Amino acid sequence: MALRDNVASVSGWRWRAEADGDRSARARAIILGLVLLYLLLFLTSLGSGASDTSFWSVFSGWLGGGTDSLPLRDRVVIWDIRLPRVVLGSLIGASLAVSGAVMQGLFRNPLADPGIVGVGPGAGLGAITVIVLGNTVLEPVIGIFGIYALPLAAFFGGIVSTLLLYRVATRRGQTSIATMLLAGIALGALAGALSGILVYAADDQELRDLTFWGLGSLAGASWAKIWAAGPIILAALAAAPFLARGLDAMVLGEASANHLGIRVQRVKNCAILTVAAATGASVAVAGGIGFVGIVVPHLLRLTIGPEHRYLLPASALLGACLLLVSDATSRMVVAPAELPIGIVTATLGAPFFLWILLRQRGLLDL
Amino acid sequence: MAIDIDNLSVRLGRNQVLHKVCLSVKPGTVTAIVGPNGSGKTTFLKAVSGDLPFEGDVKVNGETLRYMPPWQAAAHRAVLPQASSLSFPYTVREVVKLGLLGGRSGATPAEEKRLPEKALERVDLSGFAGRFYQELSGGEQQRVQLARVLCQVWLPVLDGRPRYLLLDEPVSSLDIKHQLIIMNIAQTFAASGGGVLAVLHDLNLTARFADQVAMMHRGRLVASGTPNEVFNDELVSDVFECRIQVGVPPAENRPYVLPQSAQISVKSSF
């Protein structure tokens, strides 16, 4: 008992569960808080930027009869520059965080992340192929799909690598976590090598595009990009809540989930499709934005618990919030220029994650 | 109404690990599967749970298991696996609540809210609801899982059909008090009209609590019947490969096996 008390006091840094173990009330309160935080960040982001169009002019403009009453310049700044950026950032933040949460639930491992286990690189390879070969070898094919070619290629890159990974790591219905991580590393290396060949063949402009694309950025946000990636991401986000029950059951293992009445294979298929779609689309329009998918679900599990019916919507909200904050930071640090957002999320996210791991060391086995 | 197992065979790779097992698990009874390590007990239970592909036929209350979708099977039976580890910080209550996922506990919605607490009380874990599952000892985790399984089939009979508990070594890491508590739960479940099929290692617990014993040896069912019928010196000695004398006290009329009466026949190869 003494040992148990000791463990409890050491682990007192994280939020303790309620005495009756029911964290749903707290989860709902935190989700409500995240909704409010998101709305605040949404309006703040809309009202801040390189130009002096301010939050208050946006706000009073809206109050006084919609955006039409604003000066034309402000209207363009808000409607064509800031709003697409805020919308795209929200979509991508939500999609990365939810993909991470679903992936971790599917593999029953808090370290699974589309970026780490090779899905991201697969989607990246698809996108790089279009960037480099789009104007030459693949032009006839790309021409058919137009602006949708890039997200589609990333989408299929993501799906193919997810499926490969799952095939390799799963045997007789049991997914081996070690195999999954190793296979993910191998798959990432392979995708990296193939991307390398394309980089080798690329010209200077393509190289520059590739480099910035790889760092991740919301700088090119436009309504066209939102129309290309938004529907895929929204569909994936809409599908996620239906996975919650199955993912909760899967936490006990696939056999037990089946005993509880879950169609395990169907849940796996849906989860794989959701992750591949969301990751593929996000990577395509914004490049490689790291650590959102690991940090956000992990942080939320510590506060509201791992039940997916709360974890998934909360991840979407916190992911969107995090990306809006990171985007604001990326624009402020070196204003009037801006940093690629992937640099910001990794710079903020990686040390924070290390800190969590240090605090948790020896207490709970990951 | 029963779980009827007819000529069940299982292959794992090239090895045939189960050979044409026939058994009937009747409602109102506790059936124990006993046998030495590697005799196919767990494989048998897994096949009956629907985890493994098998040849032969398993019927649950007259319906063929093979054609049953998971949600339907989940309404008929709950399964306690040997060990469950979780990778996320679930509270005990959250784990037990997973048993209610299928929505066929049989309790009213009002009752269902308190069901995790009630189930925990049954397995002698009142007050543990707010603890983290990962911080519990092995025996406590095992009882949390049993509470979850009980939630799934809270009423032993639903819509006039008996329901079943399939338990794989439910008392393997428990102290003697909790062994008795868990076996009592199984007995009560059966007495209320449900059926229980459990893999057990302890022959004495089996003798005391089982109505039917199925003894397995090298993937075959070598005997089934009441403990008194199955536990005889010759059969037990043969199956467990050591000389055992089964005792029967006159009052209880249940056989017992003492380690003092058993002798290992060591092959003298050196």
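**Strand pairing and a crossing helix in chain B**

Helix H6 (residues 176-191) of chain B lies across strand E3 (30-34), E9 and strand E10 (195-199) of chain B, at about 150 degrees to E10(B). The model is predicted.

Biologist: What makes E1(B) and E2(B) count as paired strands?

Modeller: Pairing requires at least two bridges. Strand E1 (residues 3-12) of chain B and strand E2 (residues 15-25) of chain B are joined by seven bridges in the antiparallel sense, so the criterion is met. Within this pair, B:Ile3 stands opposite B:Val25.

Biologist: Which residue in the hairpin of E1(B) and E2(B) takes a positive phi?

Modeller: B:Gly13 does, with a value near 65 degrees; two residues lie between the strands of that hairpin.

Biologist: How do you know that E1(B) also pairs with E4(B)?

Modeller: Five bridges join E1(B) to strand E4 (residues 55-60) of chain B, with the strands antiparallel. At least two are needed, so E1(B) and E4(B) are paired. One of the partnerships involves B:Asp4 and B:Lys59 in E4(B).

Biologist: What is the strand order in the open sheet of six strands?

Modeller: The order is E6-E9-E10-E3-E11-E12 (chain B), and the pairing is mixed.

Biologist: Why are E6(B) and E12(B) called edge strands?

Modeller: Strand E6 (77-80) and strand E12 (220-225) of chain B each pair on one side only. From one strand to the next, the twist averages 15 degrees.

Biologist: What makes E6(B) and E9(B) a pair?

Modeller: Four bridges join E6(B) to strand E9 (residues 164-168) of chain B, in parallel. The threshold is at least two, and therefore E6(B) and E9(B) pair. B:Arg77 has B:Tyr164 as its bridge partner in E9(B).

Conventions:
Residues numbered from 1 in each chain as written. Chains lettered and ligands numbered in written order. Predicted model: local features only at pLDDT ≥ 70, side-chain atom pairs only at ≥ 80, totals over all residues. Axes fitted to C-alpha atoms, helices over the stretch in contact; angles between N-to-C directions. Contact = placed C-beta atoms within 7 Å.
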